[in-house]
Amino acid sequence: MSARLSRRSLLVGAAALATVAGPLGSVARAAAKTPKVLVIGLDGTLLSRIKDADAPHLGALMAGGLTAASPLYANPLAPTLSGPGWSTIITGVWPDKHHVKDNNFTGSDFTQYPDFLTRAETAKPGLGTYAIASWNPITTTVFSAKVDTRVNTPSAEYDTGTTSRLVTQLASGSADAHFVQLDGVDEAGHAHGAASQQYLDAIHAVDASVGKFVAAVTSRASYANESWLILITADHGHTDPGGHGGSSWQERQTFLIANGAGISAGSTRYDIKMPDVAVSALAHLGIAIDPAWGLDGRPLQQPAPDAFDALRPQLHTPVDESGIGAGVIGFTHTPPAGWSVDNTAMGTGGVTEWRGWSFTTDEFWTKAERDQQRESNIRARNVFAVADGDEWSDKAVTGSFDSTLISPAFPVTAGRAATLTYTTFYRQEAPQKGEVLVSYGGGTPVGVKAYTADTSSRTENLTLQVPAGASTAQVRFRYTGGNNWYWVIDGVKITAS
């Protein structure tokens, strides 16, 4: 995207992280305090360049709160453009639900998946909501008319006008939830590239705006009785020469800086995803998340790490893969405690990283081979398990790919139903097959689901009928094939009824 009005879109509001720590956290959150949210969208901003720039206000918020880098999708799910990016952030769902694929918002479904300020207004009509953007489609198209105040900054005023108007609102206004989008960094990225001094200068300029926002919040007469959560994010990254929309790692970069009471100063997270911003903001406002809404985000205040995430400190750099980058840490074959991998039927040779089930990260796995839809693995978080016959076969192999990932024994109730939940993403090419088998009380595994067709990223919830006399259930994920595609598994658990 090139022109100022042909790029940006939809930044969604503040993730409900607690209250603002760091510059805003001198007063501890108390139950009686009024929750307030400020979501700041810095269009086209790279977290790595924030760290390189003269950005003291952003640096202070990072030092006093949480920082989380987060990868985006790419085509065919959606390109790394502002329309899909801001829509994802603001609605709390991925493009396969909100259906925004470009900056024209063609086919969007904001009726079923409205913006987080509209959800706040619906749940608590007494709340005050305010949205302002330098890129007007955010406030005219993504945020609905139900939002109390939507401000389209005149083009001639650009970020200067957006900043001054929000400062006035923050200093003396009564709104409870705010969203703002600043466009200058993306403008510099298109004109000069992310590797330029002009890009760093643009980050310095939006950092000054962020400083004014924080000062306006802390100067409020009612500040001591308020619990503020500040969330700062971006809709996409930029290439060094300038531009976005493709599948490169730089273009797929987003982040979240969260500052508020209850957030550990200087903390880092690896499990944050773009839809978490909207959901976290709603949670901070005291709005219960209805499962019927079908949101993809989860409150940042309620982390839910799984066993695979504990493997992050054990991940290795590449062995055979040459395109990932020598310093990128991202795979291990050693399962977490209680888990195992059965490779007794596994072929030999092939690419070391993918010989049998592997545990990896988005960066490592997608860099192994771009544009084969690995970027569409949107619902796995942090470290996940992969069986990838395609990448394994990039070196000479003997035999076929036949590997089984085996869970610990989960407690269940005899004679009662239980639910097997896991996140999956499966791409098919015959004779490949994915099988889910469950054994009860150490008995013979029984198939409960088979994958023989493409399955988009989703969370599965399979009902299990526990036989009489069984107190445990164990899951096996068996992947068989050759030079075919792959299977992703994450977030495995069994919940007894």
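Contact here means that heavy atoms lie within 4.5 Å of each other, and the structure to which this is applied is a predicted model. In that sense S376 touches A74, P76, L77, F425 and S457, once residues up to four places away in sequence are set aside. The residue itself belongs to the loop that runs between α11 (362-368) and β13 (384-388). Its relative accessible area is 10%, and because buried means under 20%, S376 counts as buried.

Helix α5, which spans residues 116-123, offers a second view of the interior, since six of its eight residues are buried and the helix is therefore largely enclosed by the rest of the structure. The buried residues are F116, L117, T118, R119, A120 and E121, and they pack against elements from several parts of the sequence, namely the strands β1 (34-42), β3 (129-133) and β5 (177-182) together with the helices α3 (82-91) and α10 (276-284). At the N-terminal end of α5 the cap is provided by D115, a side-chain oxygen of which lies 3.0 Å from the backbone nitrogen of L117, and L117 is itself among the buried residues of the helix.

The packing also leaves enclosed space, for the structure holds two cavities of 30 Å³ or more, the largest of which has a volume of about 40 Å³. This largest cavity is lined by S70, T233, T254, F255, L256, I272, K273, M274 and V277. Strand β7 (residues 253-259) supplies the largest share of that lining, with three residues. By character, the lining residues divide into five nonpolar, three polar and one charged.

Notes:
Residues numbered from 1 in each chain as written. Predicted model: local features only at pLDDT ≥ 70, side-chain atom pairs only at ≥ 80, totals over all residues. Heavy atoms only, no water. Helix = DSSP H or I, 4+ residues; strand = E, 2+ residues; numbered from the N terminus. Buried < 20%, exposed > 50% of the residue type's maximum accessible area, 1.4 Å probe, protein only. 1 Å grid on protein atoms, 1.4 Å probe; cavity = no way out; pocket = protein on both sides within 12 Å on 5 of 7 lines; lining within 4 Å. Points joined across faces, edges and corners; volume = space filled by probe spheres on them. Nonpolar A, V, L, I, M, F, W, Y, C, P; charged D, E, K, R; others polar. Polar contact = N/O pair within 3.5 Å; in protein donor to acceptor, adjacent residues only side chain to side chain.
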